[in-house]
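Biologist: I would like to learn how to read a protein model step by step. Could you take me through one, giving the general idea before each case?

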Amino acid sequence: MKVSEWVITMSAACCLCACGSKNGGYDASGVFETTEVIVSAKGTGEIKRFDIEEGRQVTPGTCIGYIDTTQLYLKKRQLEASLKSTDSRYLDVNRQLAAIRQQIAIQQRERERFARLVQANAASQKQLDDIDYQIEVLEKQLGATAEQLTSSNSSLSGQSGSIVAQLAQLDDQIANNRIESPVAGTVLAKYAEPGEFAVPGRPLFKVGNLADMKLRAYITAGQLTQLKVGQQVTVYADEGESGRREYPGTVAWISDKAEFTPKTIQTRDERANLVYAVKIAVRNDGFIKKGMYGEIKL
């Protein structure tokens, strides 16, 4: 037998053995994956602190670094000074109008006195009319002054409201310069270092939940009728030469569309088959790694 014929014969035998093992040992195979989140910078400035390493566990709300906020802080101090200055210009309307009200009260008492004098023919009607005119002028002055003071205070309120809104924006920007993970998980990759310049949208690190893994496998149309979301199945993870580890799994998702078998399958016939993707949720005990191959048994 020629060498080339021997190679072809051995290759065919290996393929047959592999297919037989596949059909007998499990119902579907796939790769373990996890939900990954790429955390990007929200602020602009130099990264002052960023003390995480790949493999470290992070939790939401925990500060793991920050971007320089010096300019934001100085601008906040400036706005706070402007707000204080604006508030100091508020006028006490009642206090400002007290003098005019006192003049009106004096004129009203004078009117009562002159009204009695007119009745006693001790004063002329013109004197009483002059007092009525003075009271009318003072009341108009009171109304105009009150309107002017109210308008001035309203304008100051608008300025104060604008400054308060700007301060809230600055507080939000300062908070956004705080680097933290939005989810609990393990740092899978780190893309920046302290001293580098960050801009909004620049990736800083990638975090993934390695405690809850998902095995993405593919099943045939015939197997589809045997599965439903929430169903318990048995999952096997590779354990090197020593065999496989067994885990309880739960069907978390079943695709509603058929697709061709992924091209990682070597034979043309298997690539031509239509399959359905499924995700099996598995609680990781630390031995399952992202990208590791696994199988399921229905």
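Modeller: Let us begin with the words helix and strand, which stand for runs assigned by DSSP, at least four residues for a helix and at least two for a strand, numbered from the N terminus. Please keep in mind that this is a predicted model. In the protein chain, the secondary structure comes to six helices and 15 strands.

Biologist: With that in hand, how do I read a pocket, and which element gives the largest share of the lining of the second largest pocket?

Modeller: Rolling a probe the size of a water molecule over the atoms shows where empty space is left. The second largest pocket has a volume of about 180 Å³, and the largest share of its lining, three residues, comes from β6. At least two lining residues each are supplied by β2 (36-40), α4 (125-176) and β6. The lining has 13 residues, and those nearest the centre of the pocket are Val 39, Lys 42, Arg 178, Ile 179 and Glu 180.

Biologist: What does the lining of the second largest pocket look like by class?

Modeller: Seven of its residues are nonpolar, while three are polar and three are charged.

Biologist: Where does β6 stand in its sheet?

Modeller: To read a sheet, one follows the order of its strands, which here is β6-β5-β3-β8 in an open sheet of four strands with antiparallel pairing. Strands β6 (178-180) and β8 (197-198) stand at the edges and have a single partner strand each, so one side of each is left without a neighbour in the sheet. At the β8 end, β3 (residues 45-50) pairs with β8 over two bridges in the antiparallel sense, and Glu 46 stands opposite Phe 197 in β8.

Biologist: How should I read a nonpolar core, and which residues of the largest one touch the most other members?

Modeller: A nonpolar core is a set of buried residues of certain nonpolar kinds, joined through side-chain atoms within 4.5 Å. The largest one has 20 residues, of which Phe 32, Leu 227, Val 235, Val 278, Ile 280, Val 282 and Ile 288 touch the most other members. Strands β1 (28-33), β10 (212-220), β11 (232-238), β12 (244-254) and β14 (274-283) each supply at least two residues of this core. Apart from it lies another core of 15 residues, including Ile 52, Val 58, Ile 179 and Ala 198.

Biologist: What share of the protein chain is buried?

Modeller: Of the 298 residues in the protein chain, 28% are buried.

Note on methods
Residues are numbered from 1 along each chain as its sequence is written. This is a predicted model: local features need pLDDT of at least 70, side-chain atom pairs count only at pLDDT 80 or more; totals for chains, interfaces and linings use all residues. Side-chain values use heavy atoms; hydrogens and water are left out. Two strands pair if DSSP finds at least two bridges between them. On a 1 Å grid over the protein atoms alone, a cavity is a set of points where a 1.4 Å probe fits but cannot get out, and a pocket is an open set with protein on both sides within 12 Å along at least five of seven lines; lining residues have an atom within 4 Å of a point. Grid points are joined across faces, edges and corners, and a volume is the space filled by probe spheres set on the points. Ala, Val, Leu, Ile, Met, Phe, Trp, Tyr, Cys and Pro count as nonpolar, Asp, Glu, Lys and Arg as charged, and the others, Gly among them, as polar. Buried means under 20% relative accessible area, exposed over 50%, partly exposed in between (1.4 Å probe, protein chains only).
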